[in-house]
Amino acid sequence: MEIAVHLLVLITIYGILAISLNLMVGMAGLFNLGLAAFYGIGAYTSAILSRNFGVPVGLSLLAGVALSALIGFIIGLPTVKLVGDYLAVVTMGLGEITRAVFKNWVPVTRGPMGLPGIPHMSLFGFKLDTAPLFLAFSFVMIAISFIFVERIRLSPFGRVLRGVREDEMGAQALGKNTYWYKMIALVVGSGLAGLAGGLFAHYMSFIDPSSFVMWLTFFIFLAIMMGGLGNNLGAVVATGVLMVLREGLRFAGLPPAVAAPLQQLIFGILLIIMTIFAPRGLIPEQKPRYD
Amino acid sequence: MLRIENLSKDFGGLRAVDHCSFEVPAGTIFGLIGPNGSGKSTIFNLVTGFLLPTEGEIYFKGERITGWPPYAIVRKGIARTFQLVRVFRNMTVMENMLMGPKHQAGENFVAGVLNLPAVRRQERENVRKARELLAIMGLERFENEYAGNLSYAEQKLVEIARALMTDPDFLMLDEPASGINPTLVENILQHIRRLRDEHGKTILLVEHDMNVVMNLCDWIVVLNYGQKICEGTPETVSCDPRVIDAYLGV
């Protein structure tokens, strides 16, 4: 039972990451490979503020969201004009630089030793220090994130994002200032990734740089590709399925030295298969209806 | 309405447009013709802000628009289509159409997410306009179909209808009749004439089909190697020896 609750919490946290990446990649076509960086910035910001400076956890969580969004904005200013592969390379670089900072800025992040004793989430003085209580909170958070991004998708704003994804020049020819649409998608997506990071830090009570590696970005990419690019429900469901598969491998009786690389191998192969045979995902994006 | 003064564009060592000047008066259908590589599409891209000129100026409604970004030029009242269609393939025909209207309240992030009453009202009005235009183009049955699933000719019509959704004063059509069967071409021509006669729109078109150009245009500019070699009424242009030599080849 405890394992099931733990798994569900992780599914809600990674589900928020999937929604965030779906907004940037699935809807706006921004090939962002730096997701783990924004996730890590949210986690470290909230953890450090609450643990070292006694900032209330709700506020530190918001600060993590704000800093992730701000870094997204700063990175976006010169790079959002880049298309496809170029943006992927820049954001991948950001992911690696951020991880190096987490690892080497020892006075602040404690480097590879990680940050222990991160305070638990509390809401109006009520501590969410058990997994079921935290699950209820993280479920509310993913529900809010889902509704928020769905409203973006269904709005004329979201329609322009999809237009930019389909053909940026075509969208410009219809009078859309595509730069700012992409910028907003990047900032909102980064903020959501920061929220997921903050939740992770306060749930686990311990973080270290190994939680924010590039592999995580690929894992979430696989989830949104399986769920269907631009399809938020599909992305969350696929995240759940992949998480169950990932955790299930732990119980297959394999030695840890084999299980971890095997996991990565399986997900890597799945990602390649998806990219070749179903680049837009298994469940298509839903068509909006106009009455 | 549109004035081009001494416009030039270099791509490395290649001069695609060479000191070109002409003026498109309001309420006319204006043709731009010439052999492949003569600079027609480059002029389209320069006027609509997708390329920056090496030298020269572009004026629209008396205002200098040289160097403006494409979105600002569209907002000023210029719409265009492309030589190779650029529909949003994984979006429905209706979504393609709804990308057209300018100044949509719901395209603001906050207003869109909040789905304010003004957004819903404007959206309903835009859907109504889109359906009217789709019916004129004979595309109403494709409203909920992905644009990428339509034939090339149908996609071309979607692109024209979508450009009209921006409610432009000045419409630039890049080879609107290419790849379209004669019956549909006639429909498009009629619609283009109606845009001029009933709605007072000004149209600049690039077209290789000489029947279309001669029947439709009030005035024609002929380009060769980026230079204007002739301009005039269809009758004058078709008899000009320089045009016959460079383009018509008759």
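1. Which residue stands opposite B:A79 in β7(B)? The residue is B:L171. The model discussed in this note is a predicted one. The pair belongs to the junction of β6(B) with strand β7 of chain B, residues 170-174, where three bridges hold the two strands in a parallel arrangement.

2. The sheet that contains this junction is open and has six strands, in the order β6-β7-β8-β3-β9-β10 of chain B, with mixed pairing. Its edges are formed by β6 (78-80) and β10 of chain B, each of which pairs on one side only. From one strand to the next, the twist averages 20°.

3. At the β10 edge of this sheet, strand β9 (residues 219-224) and strand β10 (residues 227-232) of chain B run antiparallel and are joined by five bridges. Within this ladder, B:V222 faces B:C230 of β10(B). The two strands make a hairpin in which two residues lie between β9(B) and β10(B). One point to note in the turn is B:Y225, whose phi is positive, at about 50°.

4. A helix accompanies the six-stranded sheet. Helix α7 of chain B, residues 182-197, lies across β3 (29-33), β7 and β8 (202-206) of chain B. Relative to β8(B), the direction of α7 is about 145°.

5. Chain B also has an open sheet of four strands, ordered β2-β1-β4-β5, in which the pairing is antiparallel. The strands that pair on one side only, and hence bound this sheet, are β2 (14-24) and β5 (63-64) of chain B. Strand β4 of chain B, residues 55-60, is connected to β5(B) by two bridges, and the two strands run antiparallel. B:Y59 has B:R64 as its bridge partner in β5(B).

6. Helix α1 of chain B (residues 40-47) is placed across three strands of the four-stranded sheet, namely β1 (2-11), β2 and β4 of chain B. The helix runs at about 70° to β2(B).

7. As regards domains, the assignment for chain B places residues 2-87 and 166-248 in domain 1, and residues 88-149 in domain 2. Domain 1 is thus given as two segments of chain B. Taken over C-alpha atoms, the centres of the two domains of chain B are 27 Å apart. Contact between them involves six residues of domain 1 and nine residues of domain 2 of chain B. The domain 1 side of this contact consists of one nonpolar, three polar and two charged residues.

8. Between the chains, 33 residues of chain B contact 24 residues of chain A. On the chain B side, two or more residues each come from α2 (70-76), α3 (93-98), α4 (109-114) and α5 (117-136). Which of these elements gives the most to the side of chain B that touches chain A? That element is α2(B), with four residues. By class, the chain B side holds 13 nonpolar, 11 polar and nine charged residues.

9. In chain A, helix α2 (residues 35-53) and helix α9 (residues 178-204) have axes that come within 6 Å and cross at roughly 50°. The pair is therefore classed as oblique. The handedness of the crossing of α2(A) and α9(A) is right-handed. Residues in α2(A) that take part include A:G40, A:G42, A:A43 and A:A47, while those in α9(A) include A:A193, A:G194, A:G197 and A:G198. The contact of α2(A) with α9(A) comprises 11 nonpolar and eight polar residues, with no charged residues.

10. A further helix pair in chain A is α11 (residues 232-250) with α12 (residues 256-277), which pack at about 155° with their axes 9 Å apart. Why are these helices called roughly antiparallel to each other? Angles over 145 degrees count as roughly antiparallel, and the angle between α11(A) and α12(A) is about 155°. The crossing of α11(A) past α12(A) is right-handed. From α11(A), the contact involves A:R246, A:L249 and A:R250, and from α12(A), A:A259, A:L262 and A:Q263. By class, these are three nonpolar, one polar and two charged residues.

Technical notes:
Residues numbered from 1 in each chain as written. Chains lettered and ligands numbered in written order. Predicted model: local features only at pLDDT ≥ 70, side-chain atom pairs only at ≥ 80, totals over all residues. Domains from an automatic or database assignment. Contact = placed C-beta atoms within 7 Å. Nonpolar A, V, L, I, M, F, W, Y, C, P; charged D, E, K, R; others polar. Pairing = 2+ DSSP bridges. Axes fitted to C-alpha atoms, helices over the stretch in contact; angles between N-to-C directions. Parallel < 35°, antiparallel > 145°, perpendicular 65-115°, else oblique. Left-handed = near helix turned anticlockwise from the far one by under 90°.
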